[in-house]
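Here is a short set of questions and answers to read alongside the model. Feel free to keep the viewer open as you go.

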Amino acid sequence: KINNKIKICFISFIHPFDAVNQIKFHNQGSIVIAAVLLVLFYVFKVLGVTNGGFMFSKFDPQTYSSVYTLLGSVGLVLLWTICYWAVAVLFSGKCKLKEIFIVSSYAMLPQIINGIF
C-alpha cells in the first residue's frame, strides 16, 4: 500500500487541482518529499549539462561551475516560492509558504522524469 503523501506527489501532474486541494485543505503534502524532488531536479540538471550530447551542450569542464546550475534550478524554485508567497500575503494570506514550496517542488516531477530519459 502506497503512502498517501507519496501518492499525492505522483498524481500531482495528472490531476493538479485535486493535488493542490489535498495539500492545502487536507495537509497531505510532505516537505521531505518536496526537498528530495528538488535535490533530484538539481542532480538531473547537473547531469544533463555535464553528460549531455555534444550537439546539445557546450560543456567545458575547465569553466563549469555547478553553482550557476544550482542558482538556475533550485534558486529559481525558491525565488518563485518566495515571490508567490509575497503576492499571496497581499491577498489576505491565502497560501502558506510551506504549501507553495510543496506544490512548486511537486511540479518539478515531469522535469525529473524527463532528466532520467
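**A look inside and out**

Ser73 has a relative accessible area of 1%, so this residue counts as buried. The model is a predicted one.

Q: Which residues does Ser73 touch, not counting those up to four places away in sequence?
A: Start from helix α4, residues 66-90, where Ser73 is found. Leaving out residues up to four places away in sequence, the contacts of Ser73 are Phe41, Tyr42 and Lys45.

Q: Which side chain meets Glu99 in a salt bridge?
A: A search of the whole structure turns up 1 salt bridge. Glu99 lies in helix α5 (residues 97-106), and its partner is 75 residues apart from it, in helix α2. The N to O distance is 3.4 Å, and the partner is Lys24.

Q: Is Glu99 buried or exposed?
A: The cut-off for buried is under 20% relative accessible area. Lys24, at 29%, counts as partly exposed. Glu99 has a relative accessible area of 11%, so Glu99 is buried.

Q: Where is Phe13 found?
A: Phe13 helps make a nonpolar surface patch of about 860 Å², together with Ile2, Ile6, Phe10, Ile14, Ile113, Ile116 and Phe117. Phe13 has a relative accessible area of 39%, so it is partly exposed. Its place is the loop between α1 and α2 (16-26).

Q: Which helices each supply at least two residues of the nonpolar patch?
A: Among the patch residues are Ile6 and Phe10, along with Ile113 and Ile116. The helices that each supply at least two residues are α1 (4-11) and α6 (109-116).

How values were computed. Residues numbered from 1 in each chain as written. Predicted model: local features only at pLDDT ≥ 70, side-chain atom pairs only at ≥ 80, totals over all residues. Heavy atoms only, no water. Patch = residues over 30% accessible without salt bridge, like charges linked within 9 Å, V, L, I, M, F, W, Y side chains within 5 Å. Areas by Shrake-Rupley, 256 points an atom, 1.4 Å probe, with all protein chains shown as cover. Salt bridge = Lys/Arg side-chain N within 4 Å of Asp/Glu carboxyl O. Helix = DSSP H or I, 4+ residues; strand = E, 2+ residues; numbered from the N terminus. Buried < 20%, exposed > 50% of the residue type's maximum accessible area, 1.4 Å probe, protein only. Contact = heavy atoms within 4.5 Å.
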